[in-house]
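Colleague: Could you take me closely through a single part of this model, the barrel, and set it in the context of the rest of the chain? I would like to hear about strand order, partners, and what packs around them.

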Amino acid sequence: MIKGAVSVCSIVDQTSFLYQARFPDLSAVNLCGNSSFLPCKSGTKVPDYGNHLLLLQGRDKVTPRAAYSIPPESEDAQRQSTPDFSDEQLFVFPDNDENLEEPRKGRAASKIQASIDLQQIAKKQGDQVTILDKLKAVHLHILAMEQWNVSRLKICHQNYSASAINMLHYLALKSLDTEQIKEELSSIGLMNLETINTHVLSSLSGCIEMLFNSKSDSLLGLKVSSEGLPVHQRLGDKNVDLGMTAMGNKASSNRDLLLGKLQSLKLAHIMVTVGQEAAENDTHITDLISSGATIFRINCAHGNTELWSKIITTVKRCSHLLEKPCQILMDLAGPKLRTGRLKDGPCVVKISPKRNALGRIICGAQVWLFPQGAGLPPSHLSPDVILQVDGEKFLNKLEVDDSVRFTDASGKRRCLRILSKYPVFSGAGFMAECSKTAYVESGTALYLKEKGKKSSVGYVVSVPPAEQFVRLRVGDLLVLTRDSSDKQDTSPCSAVGTHKMTCPCGYLFDSVKPGDPIAFDDGKIWGVIKGTSISEVVVTITHAGPKGTKLGSEKSINIPQSNIRYEGLTSKDLMDLDFVAAHADMVGVSFIRDVHDIVVLRQELSKRKISKLGVVLKIETQGGFEKLPLLILEAMKSGNPLGVMIARGDLAVECGWEKLADIQEEIMSICSAAHLPVILATQVLESLVKTGVPTRAEITDAAIGRRASCVMLNKGKHIAKAVSTLDTILNSQFTNAKAELKPLVLINRVG
């Protein structure tokens with residue numbers, strides 16, 4: 001349980017030159033701001049400060065003061081005097097402020113008065129409230145925020161002291177309605193409050209100094225250092241530099257510590273998710289690194305330590321050969337709800353030529369033939385089917401225009417015509433064409449007929465099992481069962497339009513109720529829960545594609561309106577953490593919901609004495625977003641490199657599609673204030689990755705990644721091309737690819 005508070009308290013012993021001028025008798029701070037981080041969930045009645053003003057009038061005309069704070073972490077007396085609220089932040093006024101660190105020289109009196117703006121207050125006092133007065137009040141407000149949370153700041157690791165302070169300053173600024181101040185600052189050409197996230201106090205101090213020293217309505221001739229005003233603060237026994245230069249350096253330093261240094265004047269890192277294909281093909285990783293990838297992501301929800309080791313070894317070998325440093329991020333699977341595994345399908349692949357609307361073949365299917373160990377084809381090729389062939393002599397005899405004959409799984413005779421030959425890692429690979437539909441399975445014999453000689457034979461090997469799925473349509477019933485067996489038959493239930501799948505996570509069956517909406521596969525399929533029991537949940541499908549949508553193994557399940565309580569780190573996560581710490585540069589922590597998840601993570605890292613492993617907080621739930629400042633402050637207690645990933649897939653489903661843009665913007669702003677690198681993830685250039693052609697909206701979406709420290713791409717057929725395109729978008733100002741905008745020419749005459 002966390003208690004939220006706004007304290008009306010004295011800010012004393014301010015030695016800054018800013019307060020040598022006499023303050024007005026009365027200043028007002030409009031609290032009509034954004035308190036969306038922590039709205040009250042409890043039943044406790046608290047006043048709504050949405051359109052109210054907090055009037056501050058100090059004793060003996062001392063400075064006005066107010067505080068908007070994340071509550072102190074461990075102040076018993078304070079907790080006794082503050083009502084309880086459930087993990088959320090509120091505006092309240094505790095009666096007992098005795099636990100604040102600094103002595104009081106005066107106690108402010110507060111009064112809440114609705115529907116009165118600053119101009120009306122000024123008129124009542126007989127004096128006009130100037131922009132300088134307003135900025136002084138804002139300045140004191142953010143200092144009070146820092147003062148109220150000094151106990152939290154003192155236990156932050158020294159690497160993050162300045163960043164934690166600046167984030168609190170930013171939160172204090174965002175809690176205020178500053179629209180009028182923004183307009184007044186803009187009218188005289190001064191700072192924009194929207195762009196000072198990384199150095200809030202220093203920017204405000206510099207602006208106040210400029211206004212204080214101007215002495216007139218004109219700012220001409222005023223000289224201010226381009227480096228910004230250094231602001232030094234004492235935090236316990238530490239001296240913290242909050243100046244603009246120091247804050248900018250801190251943001252760059254935190255990015256480099258977590259993600260590695262950028263090469264060749266680039267602006268952002270590119271991360272690529274890799275899997276089985278990376279372990280089998282050095283060329284694939286080489287192409288990605290050459291295209292601009294600097295970080296490789298491994299999802300611990302898939303594969304095992306043997307596969308992960310192969311991937312990491314391949315990445316490091318290719319990185320070393322190309323002399324381009326790369327980092328490894330490993331995502332812990334976390335307590336995510338997923339569909340269970342379906343029974344493996346047959347190990348067969350279908351070769352399908354392209355046909356027109358009349359069913360006539362317009363071009364044959366492109367088939368890549370390669371020896372064992374050679375891996376995927378070169379990045380500029382886009383085969384429809386990839387076949388691995390066992391038979392060195394057979395492959396060595398293949399030449400362009402040769403015909404390879406085989407009998408497919410249905411017993412029909414088919415032929416492959418060799419179109420081209422390419423050197424690969426362990427020999428040669430071949431692009432072939434098949435003009436008829438064929439079904440090829442492991443063990444299929446390939447024959448090369450030579451004149452006067454016995455046919456050479458090669459055998460197709462390692463054909464993966466066909467992906468199994470159920471196709472869901474609107475109105476279908478889906479029965480989710482608690483069955484713990486690893487694999488289930490994909491055949492539907494006896495009733496038409498009824499399907500059955502498993503969910504190995506017991507939390508689902510214990511927490512949902514009829515009427516709850518439920519989403520599958522990142523929101524591609526939606527339904528409503530119609531009934532529940534100890535071992536089953538019945539869902540009616542309400543949204544799917546016109547021809548139905550496939551739902552396969554290990555696809556995500558989201559229940560936005562439920563209050564499912566997960567364990568922070570699962571037993572699997574703890575086992576995987578040992579491997580991650582030994583082999584990776586960063587660990588991604590999935591499905592963080594509250595501070596307890598971070599506490600558990602810090603304890604596990606401390607237990608293993610892991611101090612250099614980077615930690616990436618994946619924000620993909622509403623709880624994680626709402627408590628982001630608290631999560632960051634908790635993570636800052638340890639010195640591990642720290643960053644945040646905006647996992648837009650689950651985040652959109654959990655919070656609502658229409659809110660995603662605002663949520664993404666808010667997360668970026670908070671992380672900017674905390675000087676933490678941001679990784680933008682999910683569906684970036686997805687059409688380009690899958691089809692080779694991007695949408696226009698994807699290009700502009702990818703350009704938003706310029707504000708992030710890293711942009712992540714998921715794997716796909718055209719991933720190398722997507723990496724190259726993204727690299728151009730993110731770093732266009734340093735290449736010839738940047739659009740040249742010519743000045744507009746005014747036409748003086750017509751005709």
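Modeller: What follows is a close look at the barrel, with the rest of the chain as background.

This is a predicted model, and I would begin with its confidence, since the chain averages a pLDDT of 77, with 75% of the residues scoring at least 70. Over residues 1-127 the pLDDT is below 50, although this stretch has 288 contacts in the model beyond near neighbours in sequence. Residues 486-495 also have a pLDDT below 50, and there the count of contacts beyond near neighbours in sequence is 20. Where pLDDT is low, the predicted coordinates should not be read in detail. As for the chain in general, its secondary structure comes to 22 helices and 34 strands, and 52% of its 751 residues count as buried. Among contacts with a separation of 6 or more, residues 24 or more positions apart account for 73%.

The barrel itself is closed by eight strands in the order β6-β7-β8-β30-β31-β32-β33-β34, and the pairing is parallel. From one strand to the next the twist averages 25°. Strands of a sheet pair through backbone hydrogen bonds, either parallel or antiparallel.

Following the order from β7, one finds that this strand, residues 295-299, runs parallel to β8, residues 327-331, and that five bridges join the two. Within that pairing, F296 has I328 in β8 as its bridge partner. On the next step, β8 is joined to β30 by three bridges, again with the strands running parallel, and here M330 stands opposite V587 in β30. The pairing then continues from β30 to β31 over four bridges in the parallel sense, with M586 taking G614 of β31 as its bridge partner.

Strand β30, residues 586-589, deserves a pause, because in a regular strand the side chains alternate between the two faces of the sheet. In β30, M586 and G588 point one way while V587 and V589 point the other way, and all of them are buried.

Two helices can be placed against the same part of the sheet. Helix α18, residues 648-655, packs on it by touching β31 (614-619), β32 (642-647) and β33 (678-681), and its direction makes about 60° with that of β32. Helix α19, residues 660-673, lies across β31, β32 and β33 as well, but runs at about 175° to β32. The cover over α18 can be read residue by residue: eight of its eight residues are buried, namely R648, G649, D650, L651, A652, V653, E654 and C655. After α18 comes G656, whose phi is positive, near 110°.

Helix α17, residues 628-635, is likewise mostly covered, with eight of its eight residues buried. That buried set consists of L628, P629, L630, L631, I632, L633, E634 and A635. One neighbour of α17 is helix α15, residues 595-607, whose axis comes within 9 Å of that of α17 and crosses it at roughly 15°; the two helices therefore count as roughly parallel to each other. The crossing of α15 past α17 is right-handed, and the contact is made by V595, I598, V599 and R602 of α15 with L630, L631, E634 and A635 of α17. An α-helix has 3.6 residues a turn, so residues three or four places apart point the same way.

For context outside the barrel, the chain also holds an open sheet of six strands, in the order β24-β22-β27-β26-β25-β29 and with mixed pairing. Its edges are β24 (498-502) and β29 (557-558), each with a single partner strand, so one side of each is left without a neighbour in the sheet. Within this sheet, β26, residues 525-532, pairs with β27, residues 536-543, in the antiparallel sense over six bridges, and V528 stands opposite T540 in β27.

A further helix pair completes the background. Helix α3, residues 131-148, packs with helix α6, residues 179-187, at an angle of about 130° and with their axes 11 Å apart, and the two are therefore oblique to each other. Their crossing is left-handed, and in it I131, K134, L135 and V138 of α3 meet Q180, I181, E184 and L185 of α6.

How values were computed:
Residues numbered from 1 in each chain as written. Predicted model: local features only at pLDDT ≥ 70, side-chain atom pairs only at ≥ 80, totals over all residues. Heavy atoms only, no water. Pairing = 2+ DSSP bridges. Axes fitted to C-alpha atoms, helices over the stretch in contact; angles between N-to-C directions. Contact = heavy atoms within 4.5 Å. Buried < 20%, exposed > 50% of the residue type's maximum accessible area, 1.4 Å probe, protein only. pLDDT = per-residue confidence, 0-100. Parallel < 35°, antiparallel > 145°, perpendicular 65-115°, else oblique. Left-handed = near helix turned anticlockwise from the far one by under 90°.
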